[in-house]
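Hello! I am passing this structure on to you, with some notes on what turned up in it. Have a look at it first, and then read on.

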Amino acid sequence: MYIKRNPKNYCVFTSNYPFIDNDGYTALCCKNSHHKLPYHIKEHKLSDIWKSPEMLAVREQFGTGKKVEGCDKCYDPEAQGVRSFRTKMLGQLNAQNGIVPFLDDEIKALDLRIGNICNLSCTMCYSGNSNRIYQQIPKMAEHFGWSQGKVDAEIEKYHARNYDWSNDPQAWDNIISGIDKNLLHCYLAGGEPFYLTHFSETVRRIGSVAPDARFVINTNGTRLLREKDLKQYDGLNIFIRLSVDGWGKADEWTRQETVWEEKLAVMDQYYDKFDLKVWDITVNPFSVRTAPKLIEYLFNRYPKSSVQIRPVVNKHELLMENIPAHFKQDALDYFKQYVVSDMRQSKLVGVDHVISEMEKPFNDSNYRKQLVTKFVDYYDKNGSVKLNDFDPELADWIYS
């Protein structure tokens with residue numbers, strides 16, 4: 001048993017920051033799909049899950065320096081000297097800027113993925129994140145040549161009845177009974193939180209137990225709120241993270257069903273009416289060439305908000321290694337101006353991880369090219385925007 005925590009042998013998620021996935025099951029974090037625990041929040045109290053044999057065993061692994069299965073999304077960048085998901089999050093929660101771990105296993109934060117109700121069908125997401133993607137399963141099956149067995153499995157796995165935990169009062173009782181005034185942070189994502197029933201009432205209920213907690217709502221920024229909607233959040237410690245993944249049509253292509261001009265109006269409203277802390281950019285090889293223009297716009301128009309950027313790492317079709325280096329060079333040069341000796345002080349948070357992914361060698365296998373072309377073709381055929389509309393040079397290479 002470890003006695004004193006070392007930041008290298010500690011993860012804030014497994015020790016202090018429980019994660020409840022869109023389907024209601026607990027997992028180590030949103031990046032680790034190998035450790036899905038057999039506890040559903042409708043049926044188990046969060047306090048019991050947090051003390052379960054599975055969680056105790058994982059903490060022991062971390063504490064004794066053993067690698068935990070499925071944590072490569074953090075181990076890999078850390079091995080390259082790049083700040084990882086776990087180190088960045090500890091820095092956000094800990095006043096000592098992520099240098100010193102919490103010394104107990106008490107719940108300091110919550111990561112709640114509240115179902116899959118969403119108005120978009122983003123290219124990096126799947127049916128567990130969006131019921132709009134679920135509705136496309138037959139169309140996707142035809143395009144990608146899925147077997148009937150896979151189709152049946154997808155339809156069953158992502159059925160609405162498996163993603164409705166946030167509508168269950170018992171689930172919220174099980175969560176709230178496990179927290180207290182020591183809760184510092186509650187991250188809420190979906191789906192799209194602003195489309196959920198009783199969302200503001202639920203936030204208020206958590207706030208009544210943990211009055212000092214900050215509520216971070218991750219939104220796709222496509223719903224313009226009415227004045228009466230805005231008043232529901234008066235007096236709450238609300239922080240907004242608004243996701244925008246490219247400039248103009250690049251965002252419309254990446255975040256399918258987005259209308260850029262309407263999104264700009266929502267961005268202005270949320271900046272004016274909420275404490276919009278972070279612009280959350282997830283770049284992929286098809287949007288990254290527009291990222292510099294987007295970032296400059298955000299810095300200039302919204303000077304009180306920070307900008308965080310990260311690469312897609314969990315979908316093969318959207319890895320940076322999928323396109324030749326010369327397509328990425330201008331964006332890469334732009335990103336490098338934000339590299340500083342202490343990356344915690346960078347104006348563009350997370351840019352070191354993006355650079356690391358962009359500098360990986362081009363994967364020139366025929367299989368990968370075919371996979372990527374098929375992927376782009378699906379969204380070109382089924383969306384309102386084509387890759388050619390905002391990057392004809394890259395589109396020509398994809399289809400060559």
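**What was found**

Glu60 is partly exposed, because its relative accessible area is 25%. Please keep in mind throughout that this is a predicted model. Glu60 belongs to helix 3, which covers residues 53–63. If you would like a sense of scale, take Glu60 together with Gln308: 248 residues separate them in sequence, and their C-alpha atoms are 32 Å apart in space.

Ser200 makes a nice contrast with Glu60. You will find Ser200 in helix 10, residues 199–209, and with 5% relative accessibility it counts as buried. Once neighbours within four places in sequence are set aside, Ser200 is in contact with Gln232 and Tyr233.

**Salt bridges**

Side chains of opposite charge can pair when their charged atoms come close. Here the count comes to 21 salt bridges, and a few of them deserve a visit.

Start with Arg132 and Glu257, whose side chains meet in a salt bridge at 2.3 Å, N to O. This pair links distant parts of the chain, 125 residues apart: Arg132 sits in helix 6 (residues 131–134), while Glu257 sits in the loop between helix 12 (249–254) and helix 13. Arg132 has 28% relative accessibility and so counts as partly exposed. Glu257, at 37%, likewise counts as partly exposed.

Next comes Asp280, which has two arginine partners to look at. With Arg241 it forms a salt bridge in which the closest N and O atoms are 3.2 Å apart. Since Arg241 is in strand 7 (residues 238–243) and Asp280 in strand 8 (residues 275–283), this pair ties together parts that are 39 residues apart in sequence. How accessible is Arg241? Its relative accessibility is 9%, so Arg241 counts as buried. Asp280 is buried as well, with a relative accessible area of 0%.

The side chains of Asp280 and Arg310 also meet in a salt bridge, at 2.8 Å from N to O. Arg310 lies in strand 9 (residues 306–311) and Asp280 in strand 8, so here the parts tied together are 30 residues apart in sequence. Arg310 has a relative accessible area of 23% and is therefore partly exposed, the cut-off for buried being under 20%. Elsewhere, Asp21, Asp23 and Lys36 are joined into one network by salt bridges that share partners.

**Helices and their packing**

Two packed helices are described by the angle between their axes and the distance between the axes. For helix 13 (residues 260–273) and helix 14 (residues 291–301), the angle is about 35° and the axes are 12 Å apart. The crossing of helix 13 past helix 14 is right-handed. Which residues in helix 13 meet helix 14? They are Trp260, Leu264, Met267, Asp268 and Tyr271, and in helix 14 they meet Leu294, Tyr297, Leu298 and Arg301. The residues of this contact divide into seven nonpolar, no polar and two charged.

Helix 16 (residues 351–358) is mostly covered, with eight of its eight residues buried. Among them are Asp352, His353 and Glu357. The buried residues of helix 16 pack against helix 4 (72–79), strand 8, strand 9, helix 15 (325–336) and strand 10 (348–349).

In helix 7 (residues 137–144), the buried residues include Ile137, Met140, Ala141 and His143. The buried residues of this helix pack against helix 6, helix 8 (148–157) and helix 17 (366–382). Just after helix 7 comes Gly145, with a positive phi of about 70°.

**The nonpolar cores**

In soluble globular proteins, nonpolar side chains tend to be buried together. In this model, the largest nonpolar core has 93 residues, and Leu112 and Phe335 touch the most other members. Helix 13 supplies the largest share of this core, six residues. Phe335 is a good place to centre your view: beyond neighbours within four places in sequence, it is in contact with Val288, Ala291, Ile295, Ile309, Leu348, Val351, Val354, Ile355 and Met358. Another core, of 26 residues, lies apart from the largest one, and Met124, Phe286, Phe390 and Ala395 are among its members.

Happy browsing, and best wishes!

Notes
Residues numbered from 1 in each chain as written. Predicted model: local features only at pLDDT ≥ 70, side-chain atom pairs only at ≥ 80, totals over all residues. Heavy atoms only, no water. Axes fitted to C-alpha atoms, helices over the stretch in contact; angles between N-to-C directions. Helix = DSSP H or I, 4+ residues; strand = E, 2+ residues; numbered from the N terminus. Left-handed = near helix turned anticlockwise from the far one by under 90°. Contact = heavy atoms within 4.5 Å. Nonpolar A, V, L, I, M, F, W, Y, C, P; charged D, E, K, R; others polar. Salt bridge = Lys/Arg side-chain N within 4 Å of Asp/Glu carboxyl O. Buried < 20%, exposed > 50% of the residue type's maximum accessible area, 1.4 Å probe, protein only. Core = buried A, V, L, I, M, F, W, Y, C linked by side-chain atoms within 4.5 Å.
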